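Student: Please give me a close look at a single part of this structure. I would like one connected account that also covers the parts linked to it.

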Amino acid sequence: MRALVVSDLHSNAEALRAVMNRVRRKKFDHVICLGDFVGYGAQPNQVLDTMRTVRGAKMYIRGNHDRVAAGLEDGTGFNAAARHAAIWTRDHLSAPNRNFLRNLVHGPMRKNGVLLCHGSPHDEDEYVFHEHHAAQVFALDDAPVIFYGHTHLPVIFSQDARGRVKGASVRGEVIVKLDPSLRYLINPGSVGQPRDRNPLASFAIYDSKKHSVQFFRVEYDVEKTQAAIMGAGLPRILADRLAVGT
Ligand SMILES: [Fe+2]
């Protein structure tokens, strides 16, 4: 499998367009999305229309924002800005996109030798930031490669045969060769709302035969995205943070 891996698109159609442009000539036969197609941003329908029609076999799971925007939950645990955006999204989805969101698979999804989850394999809402969190995830599942999102931070954790876990933040564009004797927990970062103080959209391409993950960062029209957010009457913080990647 050679898969385009995206996560946390957050209704940012400009960022997703830049990602799709970047991979236009690249080979991939699957598209993995680790959830949070929507929320925060003002272009949910454009993002969902693109993701529903992208080439490649789709391996999609839902995120916590998708759950609320689909009307499956009321967003009680969200901060005010996130809740505002989730409810705005719920009210602006086209009927096919609402259906699509409602029917997204609740992770974890195990397919083609990888495990996909939004937060962690046992909790959609859990944040995996540090090595001790990663160790817990490795302990609860024996999948050789696990992809996750939710933190919006590109990172790669590995675990060796003796159980030792190492984590490394991914900075910029790199190709990581995977050692078949190790297990991996990988976050491709966020397309639509990066939070590692780098405003460029983040994603990856995973090649299971070559045992490699390539991380990408692409520039997109942040100002246009911000104008859409302000034009929709969504909280200013949701626009401002895109310029700095927080
Ligand atoms: Fe997210």
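**The enclosed cavity and its surroundings**

Tutor: A search of the whole structure, which is a predicted model, turns up one cavity of 30 Å³ or more. The space inside this largest cavity comes to about 50 Å³. Its lining consists of His 10, Ser 11, Asn 12, Tyr 40, Gly 41, Gly 192, Gln 193, Thr 225, Ile 229, Leu 238 and Leu 242. Two helices, α7 (222–231) and α8 (236–244), each contribute at least two residues to that lining. By residue type, the lining of the largest cavity has four nonpolar and seven polar members, and no charged ones.

Two of these lining residues lead on to other sites. Tyr 40, part of the cavity lining, is also one of the residues that lie nearest the centre of the largest pocket. The others named there are Asn 64, His 65, Phe 78 and Tyr 127, out of 17 lining residues. This pocket has a volume of about 210 Å³. Helix α3 (residues 64–69) gives the most to the pocket lining, with three residues. The pocket lining contains six charged residues, besides four nonpolar and seven polar ones, whereas the cavity lining has no charged residue.

The second link is His 10, another member of the cavity lining. Its NE2 atom coordinates the iron ion, together with Asp 8 (OD), Asp 36 (OD) and His 152 (NE2), at 2.0 to 2.4 Å. Along the chain these donors are spaced as D-x1-H-x25-D-x115-H. His 10 sits in the loop between β1 (2–6) and α1 (13–22), and Asp 36 in the loop between β2 (30–33) and α2 (44–53), so this pair ties together parts 26 residues apart in sequence. Both of these ligands are shielded: His 10 is buried at a relative accessible area of 2%, and Asp 36 is buried at 1%.

Why is the site of the iron ion irregular? The angles among the four donor atoms run from 85 to 177 degrees. A tetrahedral site needs all angles between 85 and 135 degrees, so the 177-degree end of the range rules that label out.

The strands that precede these two loops also pair with each other: β1 and β2 run in the parallel sense and share four bridges. One of the contacts is between Ala 3 and its bridge partner in β2, His 30. Within β2, His 30 and Ile 32 point one way, while Val 31 and Cys 33 point the other way, and all are buried.

One further element is worth adding for its burial. Strand β10 (residues 183–187) has five of its five residues buried, so the rest of the structure largely encloses it. On one side of β10 are Arg 183, Leu 185 and Asn 187, and pointing the other way are Tyr 184 and Ile 186. Strand β6 (residues 145–147) runs parallel to β10 and is joined to it by three bridges, with Phe 147 opposite Ile 186. Strand β7 (residues 155–159) runs antiparallel to β10, over five bridges, and there Gln 159 stands opposite Arg 183.

To return to the starting point, His 10 is listed in the cavity lining and among the ligands of the iron ion, while Tyr 40 is listed in the cavity lining and near the centre of the largest pocket.

Definitions and conventions
Residues are numbered from 1 along each chain as its sequence is written. This is a predicted model: local features need pLDDT of at least 70, side-chain atom pairs count only at pLDDT 80 or more; totals for chains, interfaces and linings use all residues. Side-chain values use heavy atoms; hydrogens and water are left out. On a 1 Å grid over the protein atoms alone, a cavity is a set of points where a 1.4 Å probe fits but cannot get out, and a pocket is an open set with protein on both sides within 12 Å along at least five of seven lines; lining residues have an atom within 4 Å of a point. Grid points are joined across faces, edges and corners, and a volume is the space filled by probe spheres set on the points. Ala, Val, Leu, Ile, Met, Phe, Trp, Tyr, Cys and Pro count as nonpolar, Asp, Glu, Lys and Arg as charged, and the others, Gly among them, as polar. Donors are N, O and S atoms within 2.8 Å of the metal (3.2 Å for Na, K and Ca); water is not among the atoms, so sites may look incomplete. Four donors count as tetrahedral if all angles lie between 85 and 135 degrees; four count as square planar and six as octahedral if opposite donors are over 155 degrees apart and all others between 65 and 115; anything else is irregular. Buried means under 20% relative accessible area, exposed over 50%, partly exposed in between (1.4 Å probe, protein chains only). Two strands pair if DSSP finds at least two bridges between them.
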